[in-house]
Amino acid sequence: MFSSFFDLAVYVSPGTSHRLGHFHVSMLKENMGRFLICICVVMISILASCATAPPERLELSEVLDGEAAITIPMKVTESGLIVIKGIKAEGQSLDMVLDTGATQSAIFRSALNKLNLEPSFRQETMVHGMVESKEHKVVYLPVLDMGPLSFTSKPMIVLDDRESDFRDLEIFDGLIGMDILAKYQVYVSPSKSELKLIPNDVPVYVSYYWPRIYLRENPFLSDDRTLHFIEMRIAGRMTPALFDTGAEFSAMNWPAATYAQAKAIRRNLRKEWELQGAVGIFKPVARVKLNRLRGGQIFWNNKEFVVMDFDSLDVLGVENQPFIIAGMNLFLNETIFMDFERGFLAVIPEEGIRENPERQ
């Protein structure tokens, strides 16, 4: 197109007047000037876009083998909890659970006693659990070392030692919550006992061949908590679920349990409660096994859930709406990659992690 434009601009037939020739030369100069201005504008735009373009994402396998990935000692329990080993504080070694359901890291009281530290008398914070909300004191650890990472004057919520009516629980020293985890992309491989933290400013590419679930903000309430939710399909119904790596089991409230099996169980529990005199408030708790459920691109079969009322989750905006807590029994022995900033969770086949499938 440009060469044809130049041919027309400079062509003067033998019979054309001298004035006409000057006219065409003048047009040529004017158009050349406009053309050069256009070229300059285009070049400036290209350079600006290059300067602001995000860096190319690196293959996950490349990042895992590189210096950007921070290796942390860990183990995975039989119930699927991710336990960070060898955390150091006040000369003591602590084991803490990686907990995406905790907005703030915490230490259990028995572990705090080993450190000979006292919580702050002036500072308390409200902690909301499945069944109760309670004020807890805060302690500041002078130094908390987690592998090569070190945190100074680290605030930790002081929790009562764990108890459960559902099963015998392993004893841990505390929780590493989203106040730390939100800064990283998290890779967990139970078969290799690998936990790697990758800073958010390192762009990582995870193949779309690996099934994923999108992590979303609280669908019930606009807030600034760093909790993440997924959508789960049960019996043809989409229900929001809190993604909680600190939960050994998955649970749902009764409004989410609309399928026939759960309704029959609730009726039977009600009859039994009435036969026993209907003392107190009817708070049924049941275990159910779901044959088929789905979250994003991931399908599960024959997974167990506890069905109960969540009395203290009004703070999340959950009242009588269907709600699920997606615990680690759904991801037992799975290699997972969590990207909280970009909002997805990927389940990675062990045989595929070192491959370089074609990008989509």
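**View 1. I336 and its partner across strands 21 and 22.** In this predicted model, I336 stands opposite V347, a residue of strand 22. Strand 22 covers residues 344-347, and four bridges join it to strand 21. The two strands run antiparallel. Strand 21 itself spans 336-339. As background for this view and the next ones, strands of a sheet pair through backbone hydrogen bonds, either parallel or antiparallel.

**View 2. The open sheet that holds this pair.** Step back a little, and six strands come into the picture, forming an open sheet. Which order do the strands follow? They are arranged as 2-12-11-21-22-14, with antiparallel pairing. At the edges are strand 2 and strand 14 (212-214), and each of these pairs on one side only. From one strand to the next, the twist averages 15°.

**View 3. L195 of strand 12, with a partner on either neighbouring strand.** Here we look at strand 12 and the strands it pairs with. I72 stands opposite L195 in strand 12, and V188 also stands opposite L195. Strand 2 (residues 70-72) is joined to strand 12 by three bridges, while six bridges join strand 11 to strand 12. Both pairings are antiparallel.

**View 4. The hairpin turn of strands 11 and 12.** This hairpin has four residues between its strands. One residue to look for in the loop is S193, whose phi is near 50°. Why is that worth a look? Most residues other than glycine have a negative phi. The phi of S193 is positive, and S193 is not a glycine. S193 is partly exposed, because its relative accessible area is 44%. K192 sits in this loop too, between strand 11 and strand 12 (194-199). With a relative accessible area of 35%, K192 is likewise partly exposed. The C-alpha atom of K192 lies 9.9 Å from that of M74, although 118 residues separate the two along the chain.

**View 5. Q185, a buried residue of strand 11.** Is Q185 buried or exposed? Its relative accessibility is 0%, so Q185 counts as buried. Q185 belongs to strand 11, which runs over residues 184-189. The side chain of Q185 reaches the backbone oxygen of P199 at 3.0 Å. Leaving out residues up to four places away in sequence, Q185 touches several others, including K196, L197, I198, V202 and V204. Further along the chain, its contacts include F337, M338, D339 and R342.

**View 6. N333, in the loop ahead of strand 21.** N333 is found between strand 20 (324-326) and strand 21. Its phi is near 65°, a positive value in a residue other than glycine. N333 counts as exposed, because its relative accessibility is 61%.

**View 7. M146 and the nonpolar cores.** What is the size of the largest nonpolar core? It has 72 residues, and those with the most contacts inside it are I107, M146, M252 and F331. Strand 9 (residues 149-159) gives the most to this core, contributing six residues. Zooming in on M146 and leaving aside its neighbours within four places in sequence, we find it in contact with I72, I84, I87, F151, I176, I180 and L197. I72 is also the residue that stands opposite L195 in View 3. A second core, separate from this one, has 15 residues. Among them are F220, A247, A251 and F310.

Note on methods
Residues are numbered from 1 along each chain as its sequence is written. This is a predicted model: local features need pLDDT of at least 70, side-chain atom pairs count only at pLDDT 80 or more; totals for chains, interfaces and linings use all residues. Side-chain values use heavy atoms; hydrogens and water are left out. Buried means under 20% relative accessible area, exposed over 50%, partly exposed in between (1.4 Å probe, protein chains only). A polar contact is a pair of N or O atoms within 3.5 Å; within protein, one must be able to donate a hydrogen and the other to accept it, and residues adjacent in sequence count only if both atoms are side-chain atoms. Contact means heavy atoms within 4.5 Å. A nonpolar core is a set of buried Ala, Val, Leu, Ile, Met, Phe, Trp, Tyr and Cys residues joined through side-chain atoms within 4.5 Å. Two strands pair if DSSP finds at least two bridges between them. Axes are lines fitted to C-alpha atoms, for helices over the stretch in contact, and angles run from 0 to 180 degrees between N-to-C directions.
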